[in-house]
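Okay, thanks for coming, everyone. I'll put the model up on the screen and then walk you through it from the outside in.

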Amino acid sequence: MSEPTFPEARGLLRDAVTAQPWRVTLATVCAIGHQTGEALVPVVVGLALDRGVSARDDRALVLWLVVLAATFALLSFSYLCFDRTATRVVADAEVTLRGRVAAHLLDVRGVGPHEAGSGGLAEVASSDVRAVAETSGVLQMFAAGLAGMIVAVVALLRIHLVVGAVVVVGVLLVAALLHRASAILERRIVADRRAGAEAADAASDLLTGLRVLKGLSAEDAASRRFRLVSGRALVASLRSARANAGFESLAALAPALLVAATVAVAGALALDGQLSLGALVAALGLAQFLAGPLQMVAYTFAELATVRAAAARVAGVLQSTPPAYGDADVPSDPQPVEVDGAVLGLAGQTLRLRAGAATGVVGTPEQLERLAAALTGEPRPDGDLARLGDLPLSAAEPAALRAALVVAPHDVRLFTGTLAANVDGAGRDPELVAAALDAAAVTDVVGVLPGGLDAEVGEGGHLLSGGQRQRVGLARALALRAPTLVLHEPTSAVDSVTEALVAERLTGLRAGLTTIVLTTSPVLLDACDEVVWLTDGMPADTHHALLDRAGYATAVLR
Amino acid sequence: MTTPTGPHPTALIGVASGRATLRELRRILRPRAGLAAAALLMMVVAAAAGIAVPVVIGRVVDEVLAPGADGGSVAVPVVTLVALAALAGVAGLVAELLIARVGEPAVAELREDVLDHALHLEYGVVEDSGTGDLLARVSQDVRALADVVRAVLSRFGGAAITLVLSLVGLAVVDYRFALAALLAVPIQVWATRGYLHLAGPTYRSLSRAEGAEVQQLLESVQASGTVRALGLGDRHRATVRSRALTTRGLRLDAVRMRTVFFQRLNLAEYVGTGAILAVGGWLVARDAVTAGAATAAALMFIRLFNPINIVLALLEDVQSAAAGLGRLVGVLEVPRRTVPPGGVEVADRSVTFKGVGFGYHPDHPVLHDLSLEIAPGERLAVVGASGAGKSTLGALVTGLRLPTDGTVWLGGATTAELAPEVLRHTAALVTQDVHLFRGSLRDDLLLAAPDATDAELAAALDLVGARSWVAALPEGMDTPIGAGGHPLTALQAQEVALARLVLADPPVVVLDEATAEAGSAGARQLEEAIERATAGRTTIVVAHRLSQAARCDRIAVMEDGRLVELGTPEELTAAGGVYARLWAAWARGSAEE
């Protein structure tokens, strides 16, 4: 296996354990105490039966009942101490590491090259971080399991060498047998779970598209299709249930046979007078107990592999270096923007956009997309081709650049939460937010939604229509009140009546600031102070004046 | 289900009562009652075989303490123990198999029935209660139920039966042992009630918080471009931290309750064991029972530690599965729309509104007194700001909603009296929701016309202009699309939606802003595809772009739920009203007009 190695992976695992040394030590000691107590219960019960009940000795019985109470107190309080301490250790480690990973993923400079896709990154940030945080728990489990095994084996060998040997060998055999069987079963279960998940996925897929199905009256066809998927899932479930039933009965049978074997050996020795009644009971109890710690130790190794792999993935993300930015100061007042025509397929010419004005830019969809990308200032080979004032974007300090020049992405991504939280994403003053809502004609949306501004927009804003999402996205960008704002087809999904409204209000709100609107919408262009047409010569004039130029009308007619 | 659904489908999806849930459970299990009884019998046999083990060991102990005439041998007990092990193993195996044979098909049948019912719910009911709730029921509740049937039912049942039978077994040894064991019960009840009462809500909050945490991470990371572009990084990092801290707090709450619960269970274990040992000492001292019997009783009780923990730990799973079952049956309880019998047929392709009013809430009307006649084959554009009632108009035409006042006639019959099957073949609605279904492109298209041949599918794709890109797909029409499949552009997805429409072949079509998501680049291409796809059909276009409206036969302008202008594009332009003003703003961009 060529797992990539990251020097930091070991460090992450070490941190998860050593960051809280006292708590980790306490949890480990308590875990050992718990297993020891559990191992002692059958021994003490055997002694109580032997010395107290069978010997008809009331005082001895009371004594052993007190010892039993102490044993229970030991295991009970140890467990309480272990579980609480260990959970706190893991929870704190998780919060710390998740914060670190999130800070890295949401760095203003971007993440830099890494191995996981964006779905993979979220996976790393959630489940892998959790796995790494649980490192200390794995070690505690190992220590506790080992302690339980040692106590049980020592007790068994003290009871009788032969009985002890039979029980230990028997437990090992049973464990090995069940381990093999469960490995085979695991594959079946995974296949079955996939089939079951497929049925659930198919159901939610059909319901997500319910409006489409209703619109075409395709409910019956959809229902028939689901029955097919569900039927396949049923076949898989039954197959896995058969395998599972086999395993379960084996898991019941093997220990029961071990009890029979123990009775055969220990019973014969007891009949011979070599073994007391208490020893017989203790041996039977320990035979049953021993499987537990054995499983814990075995589980540790499997778990450790998982934890290591998770740590490697987390380290891989943390070690990715974001692209290099400059560190030059960025002026906070509106600046003119210049872009080298090479970006737009117009080499040798320069796109000049005035400071403090609203400028429309007309071009092909590809030109507008390239222009929007160049203006983000993200490091790229042609990074020097765009300038804010005199400053090449590639030389600017990234955080300051983002504050001075905002490029609102055309693809509006909203976040789970209320409408208000989405618009007011960066915590702006309420009046700005209200003005932005009005300019983007979101107030109409607010009126329709139950709960108004406090209405939930759903995951990724899916409870809103495409046009509503776009307007909320526009309001969010406007609420930032950036000195320079770039909007890329901000009304492409908005109906024409509302679009006219937005065009009217947008320029008023942005008066005195630099606004660059990349669009082919005549209504928006008409509202701009000036329009630049990305064609040979880059003519700049009012929208109305440009209409007299050949070809311009076709470029803006949709 | 006897009254026809009124104009206000206020029947939201609820949760079935315990009685209704049981009734549904009986209905599903009735055909499998024999198997279920056999499964129960096998579980009892397996549990009984397990309980007999301590009794046999007790015999060995008595043999050791008071050797019989033959000097004693373990042969008989050991053979008995092996036989009991085999019996428990076989009976357990059969029980598990039978449970699967009963439970799995029942779950499958239930999920199919629930989905079928959910698909056939009235549009209004689904819209009003949100698809989110329905989705949660059909995926999460079904999954939780399936998990319980699969993993929990046999363990829970087996453990519960063992508990009951062990009490019987203790009583058979000596009734006083059973009484001693019962001392543990009040402590267990106390422990469990406290736990379920407090921990149940905490664990539910915890799993919600964990879900929200992952969800937020996923959103932030997937939209990290937006987060960076708008400088939202600090806000999102703070949210990640606060969500992580919420989860941490709930986890610590949960562990506190869990450890208290386990401690109380330990107390119950001690009290039961101690009481049995004490009673054993007392009875043995009085020669009421042998030491072997006392040993058997003690071992029997110790063997119960595990089953008790299983029952109590799984109680919550079982409880939440029962609640999920209630929610699923709740879906089944929502009445479907019923129409008066009589079989009204559609005469032609005309659409008529007469004095139509509609409101989603009684005091919040969306449409007022709308009268409108659309001739067969006519193309009508509906123009207006969002919230003007355009989409509602579309839902009323297709019968997905019924008017609160007045009547909508579809081909000479009212939408209220048309049976769903007839409506189905008469009017279709294509919205801007371009959902692509999981599975191949062919499967997606076949939803609209299940019997269509490949040639028909190809012809439909051809008509909407999708031929070239479909041919270029890696596996042609067999290429998986939808979630997790081959990504399609917004324009391609819209073309798929149009191809479905062509295949469904309805005489009346409503297109609700069907070009909204395609972006400006594809809009014109899509408009042409729409014209081809709707040729010959009575078409109502909720228009998004004025250029699209201008190409229709007539235009209806709506404002605040009222029809304010109606006429041909030329008439309206000349009239100097709302449309004329909009058109003037638009026409500045198209000098040719």
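**Two chains, then a helix bundle**

So, the centres of domain 1 and domain 2 of chain A, taken over C-alpha atoms, are 26 Å apart. Keep in mind throughout that this is a predicted model.

Let me back up to how chain A is cut. There are three pieces: domain 1 is 1–159 + 294–323, domain 2 is 161–274, and domain 3 is 337–556. In terms of secondary structure, chain A has 19 helices and 10 strands. What are the overall dimensions of the chain A trace along its principal axes? The C-alpha trace spans about 115 × 60 × 45 Å. The radius of gyration of chain A is 35 Å, where a compact globule of 558 residues would have one near 24 Å.

Chain B next. In chain B we have 21 helices and 12 strands. Its radius of gyration is 34 Å, and the globule rule gives 25 Å for 593 residues, so chain B is more spread out than a compact globule. The box filled by the C-alpha atoms of chain B is roughly 120 × 60 × 55 Å along the principal axes. Chain B is divided into domain 1, which is 13–174 + 322–336, and domain 2, which is 351–587. The C-alpha centres of those two domains of chain B lie 51 Å apart.

Now, how do the chains meet? On the chain A side 137 residues are in contact, and they touch 141 residues of chain B. Which helix of chain A gives the most to that side? That's α8, residues 219–271, with 30 residues. By class, the chain A side has 76 nonpolar, 37 polar and 24 charged residues.

Back inside chain A, to the boundary between domain 1 and domain 2. Seven residues of domain 1 of chain A are in contact with eight residues of domain 2 of chain A. On the domain 1 side, the elements giving two or more residues are α5 and α9 of chain A. The largest share comes from α5(A), with four residues. That domain 1 side divides into six nonpolar, one polar and no charged residues.

Since α5(A) just came up, let's go round its neighbours. As a reminder, we describe two packed helices by the angle between their axes and the distance between the axes.

Start with α9. Helix α5 of chain A covers residues 135–159 and helix α9 of chain A covers residues 277–319; their axes come within 8 Å and cross at roughly 155°. That makes α5(A) roughly antiparallel to α9(A). The crossing of these two, α5(A) and α9(A), is left-handed. Their contact has 23 nonpolar, five polar and one charged residues.

Next neighbour: α3, residues 58–105 of chain A. The axes of α3(A) and α5(A) come within 8 Å and cross at roughly 150°. Parallel or antiparallel? Roughly antiparallel, because anything over 145 degrees counts that way. On the α3(A) side the contact is made by A86(A), V89(A) and V90(A), and on the α5(A) side by S136(A), G137(A) and Q140(A). By class, that is three nonpolar, three polar and no charged residues.

Last one: α2, residues 21–54 of chain A. The axes of α2(A) and α5(A) also come within 8 Å, and they cross at roughly 30°. That makes α2(A) roughly parallel to α5(A). This time the crossing of α2(A) and α5(A) is right-handed. If you want to find the contact on screen, look at α2(A) residues including V24(A), A27(A), A31(A), Q35(A) and V43(A), which belong to the set meeting α5(A). Among the α5(A) residues in that contact are S136(A), Q140(A), A144(A), G148(A), V151(A) and A155(A). The residues of the α2(A)–α5(A) contact divide into 12 nonpolar, eight polar and one charged.

To pull the α5(A) part together: α5(A) runs roughly antiparallel to α9(A), roughly antiparallel to α3(A), and roughly parallel to α2(A). And α5(A) also gives four residues to the side of domain 1 that touches domain 2 in chain A. Okay, I'll stop there; happy to rotate the view if anyone wants another look.

How values were computed:
Residues are numbered from 1 along each chain as its sequence is written. Chains are lettered from A and ligands numbered from 1 in the order in which they are written. This is a predicted model: local features need pLDDT of at least 70, side-chain atom pairs count only at pLDDT 80 or more; totals for chains, interfaces and linings use all residues. Axes are lines fitted to C-alpha atoms, for helices over the stretch in contact, and angles run from 0 to 180 degrees between N-to-C directions. Angles under 35 degrees count as roughly parallel, over 145 as roughly antiparallel, 65 to 115 as roughly perpendicular and the rest as oblique. A crossing is left-handed if the near helix is turned anticlockwise from the far one by less than a right angle, and right-handed if clockwise. Ala, Val, Leu, Ile, Met, Phe, Trp, Tyr, Cys and Pro count as nonpolar, Asp, Glu, Lys and Arg as charged, and the others, Gly among them, as polar. Domain bounds come from an automatic or database domain assignment. Two residues are in contact if their C-beta atoms, placed from the backbone, lie within 7 Å. The radius of gyration is taken over C-alpha atoms; the globule rule is 2.2 Å times the number of residues to the power 0.38.
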